[in-house]
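Work through the exercises below with the sequence and the model side by side. Try each task before reading its solution.

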Amino acid sequence: MTAPTLSRAAMEKVIRTYYDGCNEADEAKMIACFVPEAVHYFPAGMYGGAFRGAAQIAHRWRTAVETLGSYWTIDALVIDAETAEAAIEWTHFKTNQDKVLRGAECVEFDRASGLIREIRAFYASPQAEGVARLELGDFDYAGRGYRVTSPRKPA
């Protein structure tokens with residue numbers, strides 16, 4: 001049996017509803033966009049690690065709105081319905097701190113439900129001094145089939 005096909009329009013609606021929920025600090029609206037066991041990954045050392053579960057994701061972003069004055073914009077959105085994946089370039093305004101974060105994230109959808117199952121966020125910032133591996137914390141690169149060593153031999 002073939003997995004159901006997601007439409008671009010349906011995926012975009014979920015993404016935009018999620019961002020609206022974030023900006024409105026509406027936990028129920030955010031939770032409705034995720035499978036219950038969803039994971040939101042961040043660069044290692046950020047936010048105390050990955051947010052695990054739709055409820056935690058929603059709670060953490062509601063708290064960010066309430067304490068930091070957070071507001072997010074979608075600056076660019078690319079959706080591939082065939083692979084059930086999307087890429088978002090975003091801006092996170094932390095208005096209470098007068099800070100602006102820019103970044104991008106890869107979003108994977110669950111085909112059966114049409115909901116988000118994983119977000120992998122990447123931040124635009126200078127490379128951290130003294131850090132040899134700049135990658136997501138808690139993410140199983142090797143287990144997911146990503147290269148963990150360079151195919152090029154050292155000179």
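The exercises go from the sheet to the helices, then to the cores and two single residues.

This is a predicted model, in which local features need pLDDT of at least 70 and side-chain atom pairs count only at pLDDT 80 or more, while totals for chains, interfaces and linings use all residues. Residues are numbered from 1 along each chain as its sequence is written, and side-chain values use heavy atoms, with hydrogens and water left out.

**Exercise 1. The sheet**

Task: Give the order of the strands in the sheet and name the edge strands.

Solution. Start with the terms. Strands are DSSP runs of E with at least two residues, helices are runs of H or I with at least four, and both are numbered from the N terminus. Two strands pair if DSSP finds at least two bridges between them. Now read the order: 6 strands form an open sheet, 2-1-6-5-4-3, with mixed pairing. The edges are strand 2 (51–52) and strand 3 (70–80), each of which pairs on one side only.

**Exercise 2. Pair by pair**

Task: Cross the sheet from strand 2 to strand 3 and state the sense of pairing at each step.

Solution.
- Strand 1 (residues 34–41) pairs with strand 2 in the antiparallel sense over 2 bridges. Here Phe51 of strand 2 is the bridge partner of His40.
- Strand 1 and strand 6 are parallel, with 4 bridges. Phe34 has Ile116 of strand 6 as its bridge partner.
- Strand 6 and strand 5 are antiparallel, over 7 bridges. Tyr123 of strand 6 stands opposite Gly103.
- Strand 5 and strand 4 are antiparallel, over 10 bridges. Cys106 of strand 5 stands opposite Ala87.
- Strand 4 and strand 3 are joined by 10 bridges and run antiparallel. Lys94 of strand 4 stands opposite Ser70.

**Exercise 3. The turns**

Task: Find the residue with a positive phi in each of the hairpins 3-4, 4-5 and 5-6.

Solution. Take the hairpin of strand 3 and strand 4 to begin with. It has 4 residues between the strands, and Ala84 takes a positive phi near 60°. The hairpin of strand 4 and strand 5 also has 4 residues between its strands; Asp98 in that turn has a positive phi of about 55°. Between strand 5 and strand 6 there are 6 residues, and Gly114 in the turn has a positive phi of about 80°.

**Exercise 4. Helix 1**

Task: Check the span of helix 1, then list its buried residues.

Solution. Helix 1 covers residues 8–24. The expected span is 1.5 Å times one less than the number of residues. For the 17 residues of helix 1 this gives 24 Å, and the end C-alpha atoms are 24 Å apart, so the two agree. Next comes burial: buried means under 20% relative accessible area, exposed over 50%, and partly exposed in between (1.4 Å probe, protein chains only). The buried residues are Met11, Val14, Ile15, Tyr18, Tyr19, Gly21, Cys22 and Asn23. An α-helix has 3.6 residues a turn, so residues three or four places apart point the same way. After the helix comes Ala25, with a positive phi near 55°.

**Exercise 5. Helices on the sheet**

Task: State which strands helix 1 and helix 3 lie across.

Solution. Contact means heavy atoms within 4.5 Å. Axes are lines fitted to C-alpha atoms, for helices over the stretch in contact, and angles run from 0 to 180 degrees between N-to-C directions. Helix 1 lies across strands 1, 3, 4, 5 (99–109) and 6 (116–123), at about 170° to strand 3. Helix 3 (residues 54–68) lies across strands 1, 2, 3 and 4, at about 60° to strand 1.

**Exercise 6. The cores**

Task: Which element supplies the largest share of the largest nonpolar core?

Solution. A nonpolar core is a set of buried Ala, Val, Leu, Ile, Met, Phe, Trp, Tyr and Cys residues joined through side-chain atoms within 4.5 Å. The largest has 36 residues; Ile15, Tyr18, Phe34, Trp61, Phe109 and Ile116 have the most contacts inside it. Helix 3 gives the largest share, 7 residues. Apart from this core lies another of 6 residues, including Val39 and Leu136.

**Exercise 7. Two residues**

Task: Are Asn23 and Ala87 buried or partly exposed?

Solution. Asn23 counts as buried because its relative accessibility is 17%. A polar atom of its side chain lies 2.7 Å from the backbone nitrogen of Trp72. Ala87, in strand 4 (residues 85–94), counts as partly exposed because its relative accessibility is 35%.

Technical notes: Polar contact = N/O pair within 3.5 Å; in protein donor to acceptor, adjacent residues only side chain to side chain.
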